[in-house]
Amino acid sequence: MAILAPTLSKKFQKALEGLSETRVAFQGFTDSLSEDKIQDWKRQEKQASRQRGDALKIYEVQQEKGL
C-alpha cells in the first residue's frame, strides 16, 4: 500500500504534463475553425449527450481517403 502513493503521484504529474500539451494543440485547432463550425459541434455534442445511441457516432473519426 505504501508504494501506491508515489506511483499515483508520478502518474498524476504525467497526466498534468499531457494535459498542458493537449491544451496548446486544442487551442491551436480551435483558433483555426470558424465560429459557425464550433457552434455546430457544440450543438451535436449536446444532442449526443441527451440521446446517446447512434447520436454518439459524432465521436468517431472520419477521414477522407487520400488520392
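This report walks through the overall form of the chain and then one loop residue, L33.

**The chain as a whole**

What you see is a predicted model. The protein chain holds 2 helices and 0 strands. How does its radius of gyration compare with that of a compact globule of 67 residues? The chain has 18 Å, whereas such a globule would be near 11 Å. Burial is worth a look too: 4% of the 67 residues count as buried. Here are some whole-chain values side by side.

| Property of the protein chain | Value |
|---|---|
| Span of the C-alpha trace along the principal axes | about 50 × 30 × 30 Å |
| Exposed area | about 6600 Å² |
| Share of that area from carbon and sulfur atoms | 57% |
| Distance between the centres of the positive and negative side chains | 7 Å |

Behind the last row are 12 positive and 10 negative side chains.

**Helix α2**

Helix α2 covers residues 35-51, which makes 17 residues. From its first C-alpha to its last, α2 reaches 24 Å, close to the 24 Å expected at 1.5 Å a residue. Just after α2 comes R52, with a positive phi near 60°.

**L33, between the helices**

Now to the loop between α1 (4-31) and α2, where you will find L33. Is L33 buried or partly exposed? Its relative accessibility is 22%, so L33 counts as partly exposed, since buried would mean under 20%. Leaving aside residues up to four places away in sequence, L33 touches I38 and W41. As for A48, L33 is 15 residues from it in sequence, and their C-alpha atoms are 21 Å apart in space.

Key. Residues are numbered from 1 along each chain as its sequence is written. This is a predicted model: local features need pLDDT of at least 70, side-chain atom pairs count only at pLDDT 80 or more; totals for chains, interfaces and linings use all residues. Side-chain values use heavy atoms; hydrogens and water are left out. Helices (H or I, at least four residues) and strands (E, at least two) are DSSP runs, numbered from the N terminus. The radius of gyration is taken over C-alpha atoms; the globule rule is 2.2 Å times the number of residues to the power 0.38. Buried means under 20% relative accessible area, exposed over 50%, partly exposed in between (1.4 Å probe, protein chains only). Accessible areas come from the Shrake-Rupley method with a 1.4 Å probe; for residues, only the protein chains shown count as cover. Lys and Arg count as positive and Asp and Glu as negative; His and the chain ends are not counted. The place of a charge is taken as NZ of Lys, CZ of Arg, CG of Asp or CD of Glu. The expected span of a helix is 1.5 Å times one less than its number of residues. Contact means heavy atoms within 4.5 Å.
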